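Open the model in your viewer and keep the sequence panel beside it. The stops below each give a selection to make and then say what is there.

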Amino acid sequence: MRRCIFIILLSGFIELSYSQGSGIGYQLDLGGSWYNQECPDYRQSIRTITHNGFIRFHNQSGNNAVKLMIGYRTDTIPFKNYSSFLVPDNLSMMHYSTNAYIKRNAWRFAAINQFQFGQKPGRFLFSVNTGLFYERNIRARRSSIDDDYVYVLHEEIIKNNLGVIAGGELRIFWFTVGIKYEKLIRDILNHDFILSQELNTTNSTELRGLKLNPGMFFIHLGVNIDFFD
């Protein structure tokens with residue numbers, strides 16, 4: 001985590017030394033995924049809200065910028081699992097009857113390159129955005145919709161993850177609206193640990209059918225101030 005933050009800060013200082021302008025702002029990301037496996041026993045969706053603060057550095061001509069972001073992400077992940085399995089002890093069949101959701105929180109650090117078209121920064125611009133982001137999971141909890149069964153995910157969660165970003169945005173003076181696509185490189189869930197457990201309706205093996213790194217689409221809204229000579 002420290003290495004990732006250091007690289008992002010270093011790239012910002014390098015860009016600042018060659019920049020002619022800079023900017024600061026706030027960005028709200030709203031989006032998610034409705035990915036589902038083909039198997040009818042599983043259902044899932046992801047709803048995501050991320051609050052971001054950022055600083056941006058423009059190059060000499062103003063046609064390119066680097067945006068460094070720090071954000072706090074909240075995922076709400078409803079899921080269902082009605083699959084059947086063979087109990088190892090008595091060779092009988094059991095089935096899950098799960099109707100639950102996972103609430104996940106994570107810190108995010110992102111570095112985004114913005115290829116900009118239009119008037120100079122601070123007025124009217126359209127930009128094409130590509131970048132990388134790092135996420136640090138800080139908590140995740142499974143809660144049931146039908147009853148009071150709750151547990152915290154520990155070994156089931158991978159703490160650190162990387163992802164890619166692609167999108168575009170329209171900036172009119174102080175306001176920004178845009179769309180983007182994000183994809184985590186690894187699943188948030190540690191499926192090796194989940195699959196290592198004995199199949200049971202009282203442990204986290206009910207999560208085995210989930211995929212928590214599908215491609216996700218977002219709209220984002222922002223308020224920003226750009227300074228450019």
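## Buried charges

Select Asp75, which is buried at a relative accessible area of 1%; buried means under 20% relative accessible area, exposed over 50%, and partly exposed in between (1.4 Å probe, protein chains only). This is a predicted model, in which local features need pLDDT of at least 70 and side-chain atom pairs count only at pLDDT 80 or more, while totals for chains, interfaces and linings use all residues. Residues are numbered from 1 along each chain as its sequence is written, and side-chain values use heavy atoms, with hydrogens and water left out.

Add Arg104, which is also buried, with a relative accessible area of 2%. Arg104 and Asp75 form a salt bridge whose closest N and O atoms are 2.9 Å apart. The term salt bridge stands for a side-chain nitrogen of Lys or Arg within 4 Å of a carboxyl oxygen of Asp or Glu. Arg104 belongs to strand 7 and Asp75 to strand 4, so this pair ties together parts that lie 29 residues apart in sequence. Strands here are DSSP runs (E, at least two residues), numbered from the N terminus.

Next select Glu182 and Arg108, both buried. Their salt bridge has its closest N and O atoms 3.0 Å apart. Glu182 is in strand 11 (residues 175–184) and Arg108 in strand 7, so the pair ties together parts 74 residues apart in sequence.

Keep Glu182 and add Lys180, which is buried too. The side chains of Lys180 and Glu182 meet in a salt bridge at 2.8 Å, N to O. To see the wider arrangement, select Asp29, Arg73, Asp75, Arg104, Arg108, Glu135, Lys180 and Glu182, which are linked in a network of salt bridges. The count of salt bridges comes to 13.

## The largest cavity

Lys180 is one of the residues lining the largest cavity. Which others line the largest cavity? Select Gln27, Lys67, Ile112, Gln114, Asn129, Ile165, Glu169 and His220 to complete the lining. A cavity is a set of points, on a 1 Å grid over the protein atoms alone, where a 1.4 Å probe fits but cannot get out; lining residues have an atom within 4 Å of a point.

The space in this cavity is about 60 Å³, and the structure holds three cavities of 30 Å³ or more. A volume is the space filled by probe spheres set on the grid points, which are joined across faces, edges and corners. Strand 7 (98–118) and strand 10 (160–172) each supply at least two residues of the lining.

## The nonpolar core

Select Ile102, Leu153, Leu189, Leu207, Leu210 and Leu212, which touch the most other members of the 24-residue largest nonpolar core. Strand 7 gives the largest share of this core, four residues. A nonpolar core is a set of buried Ala, Val, Leu, Ile, Met, Phe, Trp, Tyr and Cys residues joined through side-chain atoms within 4.5 Å.

Center on Leu212. Residues up to four places away in sequence aside, Leu212 touches Gln44, Ile46, Ile77, Leu184, Asp187, Ile188 and Leu189. Contact means heavy atoms within 4.5 Å.

## Tyr101

Finish in strand 7 with Tyr101. Tyr101 is partly exposed, at 27% relative accessibility. Beyond its neighbours within four places in sequence, Tyr101 contacts Ile77, Pro78, Phe79, Arg141, Arg142, Ser143, Ser144 and Ile145. Its C-alpha atom is separated by 9.6 Å from that of Ile46, 55 residues apart along the chain.

Key
On a 1 Å grid over the protein atoms alone, a cavity is a set of points where a 1.4 Å probe fits but cannot get out, and a pocket is an open set with protein on both sides within 12 Å along at least five of seven lines; lining residues have an atom within 4 Å of a point.
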